[in-house]
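Reader: I would like a close look at a single part of this protein, namely how two of its helices lie against each other. Could you take me through that part with care?

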Amino acid sequence: MPPRSGSTSTHHRRTPPPSGELALIQRIRLRAGAKPSKTLRLGIGDDCAILAPTPGAEVVVTTDFSLENRHFTRSHHSPKAIGHRILARGLSDLAAMGATPMVAFLSLALPRSLATDSRWLDGLLEGFSALAKRTKTPLAGGDTSESPGDFALADIVLLGQAKAGTAMRRTGARVGDSLYVTGSLGGAAAELKDVLAGKKISSRGLHPHLFPEPRLAAGKALRERGLATACMDLSDGVSTDLAHLCEASGVGAEVELALLPLHPLALRKAQPLQLALHGGEDYELLFTARPGTKLPAKLGGVPVTRIGRIVRVRKDQPLVSSVGTDGKREPLLRGGWEHLR
């Protein structure tokens with residue numbers, strides 16, 4: 001017999017499917033949640049995650065905002081590219097320290113229209129999860145909220161680890177050191193120009209803006225082999241990031257323009273040098289090494305190129321200078337991205 005009105009019997013009753021934030025969390029957990037491992041003892045599903053760093057290692061932490069209409073747009077970036085970029089930005093910071101990723105924490109503030117758009121959300125999680133799986137960066141938790149407006153916000157927190165006392169920093173550059181970069185420059189800025197212009201982007205090949213590759217293997221090799229005296233990632237452009245490194249180390253720098261490794265996409269544009277110097281979002285590594293240090297042609301499968309040298313800071317000289325093919329020196333002013341400027 002069916003239960004009487006008001007009965008507390010649960011016979012034949014079905015638990016309603018989760019909705020709202022619960023449905024969003026369940027989707028994230030199913031698509032990107034990580035299983036327990038040696039490092040991750042407890043992940044999504046409790047009040048806190050439980051981690052177990054490798055004995056003798058130090059934990060390094062970084063965080064990055066990704067804001068709609070600042071770091072991505074729904075009209076120009078696919079959900080998959082957005083998800084990839086959210087994670088790649090933070091992984092590049094770990095690479096600059098030479099750290100190995102441990103776990104990621106992803107917090108999302110979404111307008112209701114996106115939180116209930118399974119196609120968009122699945123695309124974002126697909127892009128995030130593919131890079132997470134490839135770099136062994138499990139998603140251990142995060143937070144979800146409804147955005148107060150119609151814009152999406154993602155915040156990524158990444159934990160990595162490195163042998164105690166070995167993590168690379170920006171503060172070790174010394175006068176006489178050589179200056180290097182991994183990979184090539186200007187490609188991300190060049191591809192962004194095409195994206196914003198609405199040009200059709202080929203599905204083949206590498207995409208330095210849409211799907212940047214954090215240089216984790218190169219950073220780890222630099223750290224483990226003790227090759228770099230200072231290191232940081234190139235997120236805001238050579239002109240801006242190199243100035244940050246010089247300020248941290250109390251030195252100046254000269255960049256030889258003829259040595260800059262230009263990305264093929266940049267070479268197709270007008271003023272490729274400007275894209276390489278100021279474009280930003282290349283997510284390559286910028287590092288210094290002692291004179292006479294023998295560096296391999298590649299690190300972690302990525303080419304390494306010497307682009308200049310570290311010099312003494314002088315009151316009558318700019319912090320960073322460029323040297324043209326004619327030997328003429330000019331101030332290299334910060335032309336990369338800087339928030340709130």
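Author: What follows describes one helix pair and then turns to the sheet. The model is a predicted one, in which local features need pLDDT of at least 70 and side-chain atom pairs count only at pLDDT 80 or more, while totals for chains, interfaces and linings use all residues. Residues are numbered from 1 along each chain as its sequence is written, and side-chain values use heavy atoms, with hydrogens and water left out.

Helix α2 (residues 79-97) packs with helix α6 (residues 216-225) at an angle of about 20°, their axes being 7 Å apart; helices are DSSP runs of H or I with at least four residues, and strands are runs of E with at least two. Axes are lines fitted to C-alpha atoms, for helices over the stretch in contact, and angles run from 0 to 180 degrees between N-to-C directions. The two helices are therefore roughly parallel to each other, a term for angles under 35 degrees. From α2, Leu 91, Leu 94, Ala 95 and Met 97 make the contact, and from α6, Leu 216, Gly 219 and Arg 223, where contact means heavy atoms within 4.5 Å. These residues divide into five nonpolar, one polar and one charged, with Gly counted among the polar and Arg among the charged.

As for the sheet, four strands form an open, mixed one in the order β3-β6-β4-β5, two strands being paired if DSSP finds at least two bridges between them. The edge strands are β3 (57-67) and β5 (139-146), and the twist averages 15° from one strand to the next.

Notes:
Angles under 35 degrees count as roughly parallel, over 145 as roughly antiparallel, 65 to 115 as roughly perpendicular and the rest as oblique.
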